[in-house]
Amino acid sequence: MRFLAHCSFAYYALACFKIGMSARHPQGIDSPGTAQNPAVLLYAFLMRYVLGFDGGGTKTECVLMDETGAILAHSRSGASNVVNVGPEAAAAALAEAGLEALRSVAKPPSDVAYILVGLSGAGEPRARWDVQEELKPSFPNATILVTSDLILTLGATGKIPSVVVIAGTGSAVLGRTSPLKVARAGGFGPIIGDPGSANDIGRKAVARCFQKFLNNEKFPLTDEILRTFDCTWSQFVDHVRAQPTVIFPKIFPMVASAAESGDMAARAILSLAAVNLIEQVREVVDQLQMRNTKFFLAKTGGVFDGSAFLNEQFDLLLRKTVHSARPGPLPRPVAESAAELARNALTNPLQIPES
């Protein structure tokens, strides 16, 4: 109803403006002699804007788009995983990124008509609702929809059928054979398990270091961890127990670096991570009965970006076990895809599978 009233006012104002201008310009307001076209001015005045978000455990990315599909701004803020930071802090990170994008092009928050948020940790309806409520004061005229980042990442492949393998702070594999027929493996969070994620890789690396410490064995990865955190092993263990989901992902870059240098223990940990991710791919492919169907498989996330060795291991296993997959990078950023979906939602109902 708000949209219809908005349009009715626009047509009424435009008609009144034309009547007034016709009296002053008998030759017609759209003639070459008119300095500015009032219809164009009014359209610009009534332009609506949308925001698309990709909120994760490390960062939050935002894209500001107008209703013609033009991307006006990109912005970034801190972590917004709702499980890790809570609804209030997640909404604050989203608002920070959105308001920064608007400031960069001198647009007020009241001009935003639709917001679509893909948020990690937002699998539970209550979490999504809480974040939506926290966001409303920052964008008073916007329709706000919060959903799982997994669903929007799958949508960013732009293809059906398709599978997306997400390996960042957390991990999951999603696939679809139609817009609403979706299957998922993993994505259960850091406590129940995100196999192949930075959190899982860090946890396994620390467990290996702990065993070496108990055995009084020299272990290069232990030395690197203690150098990085500038502490003793006992102090480090206290840090881990106090903030496991913060500490474990920070270990992943050290494991990746050690693997590139030829460290066999680090390579074993990353090889197991690749196996874990492939097992999830196979689960999704079997659920959707895609064994004999060619499909696009997108890889995305900081684990893939941060480890050439893991990438190689994953691709090798994929060729051996899932012959119908055509792997490649995600064609477009998730925040950009979310903004495009939000723009479409201005005129058509948005259909998103259950998170």
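In the predicted model, helix H15, which spans residues 334–344, lies across strands S1, S2, S3 and S4 and runs at about 145° to S1. Helix H4, formed by residues 87–104, likewise lies across S1 (49–55), S2 (60–66), S3 and S4, with an angle of about 145° to S3.

The strands that these helices cross belong to an open sheet of 5 strands, in which the order is S3-S2-S1-S4-S5 and the pairing is mixed. Strand S3 (71–77) and strand S5 (143–148) form the edges of this sheet, each of them pairing on one side only. Between neighbouring strands of the sheet, the average turn of one against the other amounts to 15° when direction is ignored. In general, the strands of a sheet pair through backbone hydrogen bonds, in either a parallel or an antiparallel manner. Strand S4, comprising residues 112–119, runs parallel to S5 and is joined to S5 by 6 bridges; on the S5 side, Thr-147 is the residue that stands opposite Gly-118.

With regard to the cysteines, a search of the whole structure, in which a disulfide would require a pair of cysteine sulfur atoms within 2.5 Å, returns 0 disulfides. Cys-62 has a relative accessibility of 1% and therefore counts as buried, the criterion being a relative accessible area under 20%. Cys-209, for which the relative accessible area is 0%, is buried as well. Cys-62 falls within the residue range of strand S2 (60–66), one of the strands across which H15 also lies.

Technical notes:
Residues are numbered from 1 along each chain as its sequence is written. This is a predicted model: local features need pLDDT of at least 70, side-chain atom pairs count only at pLDDT 80 or more; totals for chains, interfaces and linings use all residues. Side-chain values use heavy atoms; hydrogens and water are left out. Buried means under 20% relative accessible area, exposed over 50%, partly exposed in between (1.4 Å probe, protein chains only). Two strands pair if DSSP finds at least two bridges between them. Helices (H or I, at least four residues) and strands (E, at least two) are DSSP runs, numbered from the N terminus. Axes are lines fitted to C-alpha atoms, for helices over the stretch in contact, and angles run from 0 to 180 degrees between N-to-C directions. Contact means heavy atoms within 4.5 Å.
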